[in-house]
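Please open the model in your viewer and keep the sequence panel beside it. The tour below proceeds by selections, each followed by a description of what is there.

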Amino acid sequence: NITSVDEFNTRFREAEAEVNRLNTQSEGMAKRIRALETALLHKHNLENYKPLFEKYSSIFFPARKERFEREHIRELDSYRLAVRYFKANPDKAGLSTKELISRKKKLQTEIAGSSDESKAISDRIRHFEQISYWLSQATAKKPLPHIRESEVPDRSPEKITPKKKRNEPSL
């Protein structure tokens, strides 16, 4: 139970800090997932285009080699890019496709759990914001901002007209 405004403000700040921490953590996991997806793509290209690259490398005659390269430029470039990627990231070169996929799935489940926790805290923050608004209105002793004084109904006795009774005929 919250017993004072100071305690309320402290809990409000703690909840905001927790949401920020969870969001930062989720962003880091999302970056790691993107890195794993990139590694999976390059792993796929390396495995699938290696035989094609070996065939290209085995062609001796320059004219045939150039023609073969023109016909398969996209695949050869993808293979070369994958080779450069794994030279730059040797830690991912030794991982199998299954290992990369399992790491990705693990991160996705962690993000989902973090997202659920963040949503619960965000709901609590929304309640804190509403309470904070009403506290500020109660302590400020001002009219509510969404009600203008010109819109406040005049309740003086001469302005109030009596209600008609049901069975009473109108004049």
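The stops that follow go from the whole chain to its helices, cores and aromatic rings.

**The whole chain**

Begin with everything displayed as a cartoon, bearing in mind that this is a predicted model. The chain has 5 helices and 0 strands, and its pattern along the sequence is α-α-α-α-α. If you colour by accessibility, you will find that buried residues account for 22% of the 171 residues. Of the contacts between residues at least 6 apart in sequence, 73% join residues at least 24 apart.

**The largest nonpolar core**

Next select Met 29, Ile 33, Leu 36, Ala 39, Leu 40, Tyr 85, Phe 86, Leu 95, Leu 100 and Leu 107, which together make up the largest nonpolar core, of 10 residues. The elements that contribute two or more residues to this core are H1, helix H3 (73-88) and helix H5 (97-140), and H1 gives the most, with 5 residues. As a general background, nonpolar side chains in soluble globular proteins tend to be buried together.

Now centre the view on Leu 100 and show its surroundings. Leaving aside neighbours within four places in sequence, Leu 100 is in contact with Leu 36, Ala 39, Leu 40, Lys 43 and Leu 95. Apart from the core just described lies another, of 8 residues, which includes Phe 8, Ile 121, Ile 125 and Phe 128.

**Lys 43 and His 44**

Select Lys 43 together with Phe 86: the charged end of Lys 43 sits over the ring of Phe 86, 5.6 Å from its centre. Then move to His 44, which is found in helix H1 and which, at 41% relative accessibility, counts as partly exposed. Adding Ala 82 to the selection lets you draw a C-alpha to C-alpha distance of 8.7 Å between His 44 and Ala 82, although these residues are 38 apart along the chain.

**Where H1 meets H2**

Display H1 with helix H2 (residues 62-71), whose axes are 9 Å apart and cross at an angle of about 155°. Angles over 145 degrees count as roughly antiparallel, and H1 is therefore roughly antiparallel to H2. To see the contact itself, select Leu 52, Lys 55, Tyr 56 and Ser 57 of H1 along with Lys 65, Phe 68 and Glu 69 of H2. Within this selection, Lys 65 lies over the face of Tyr 56, at 5.1 Å from the ring centre.

**The aromatic rings**

The structure holds 8 aromatic pairs. How are the rings of Phe 53 and Tyr 56 arranged? Their centres are 6.1 Å apart and their planes stand at 45°, so the pair is tilted. Phe 53 and Tyr 56 are 3 residues apart in helix H1 (residues 5-58), which means that about one helical turn separates them. Phe 53, at 22% relative accessibility, counts as partly exposed, whereas Tyr 56, at 11%, counts as buried.

For a second pair, select Phe 60 and Phe 61, which are edge-to-face, with 5.5 Å from centre to centre and 75° between the planes. Here Phe 60 counts as exposed because its relative accessibility is 71%, while Phe 61, at 46%, counts as partly exposed.

Finish by selecting Phe 53, Tyr 56, Phe 68 and Tyr 79, which form one aromatic cluster. Keep H1 and H2 displayed for this last view, as Tyr 56 of H1 and Phe 68 of H2 also belong to the contact visited earlier.

Methods
Residues numbered from 1 in each chain as written. Predicted model: local features only at pLDDT ≥ 70, side-chain atom pairs only at ≥ 80, totals over all residues. Heavy atoms only, no water. Phe/Tyr/Trp six-rings, centres within 6.5 Å; stacked < 30°, edge-to-face > 60°. Helix = DSSP H or I, 4+ residues; strand = E, 2+ residues; numbered from the N terminus. Buried < 20%, exposed > 50% of the residue type's maximum accessible area, 1.4 Å probe, protein only. Lys NZ or Arg CZ within 6 Å of the ring centre and 35° of its normal. Core = buried A, V, L, I, M, F, W, Y, C linked by side-chain atoms within 4.5 Å. Contact = heavy atoms within 4.5 Å. Axes fitted to C-alpha atoms, helices over the stretch in contact; angles between N-to-C directions. Parallel < 35°, antiparallel > 145°, perpendicular 65-115°, else oblique.
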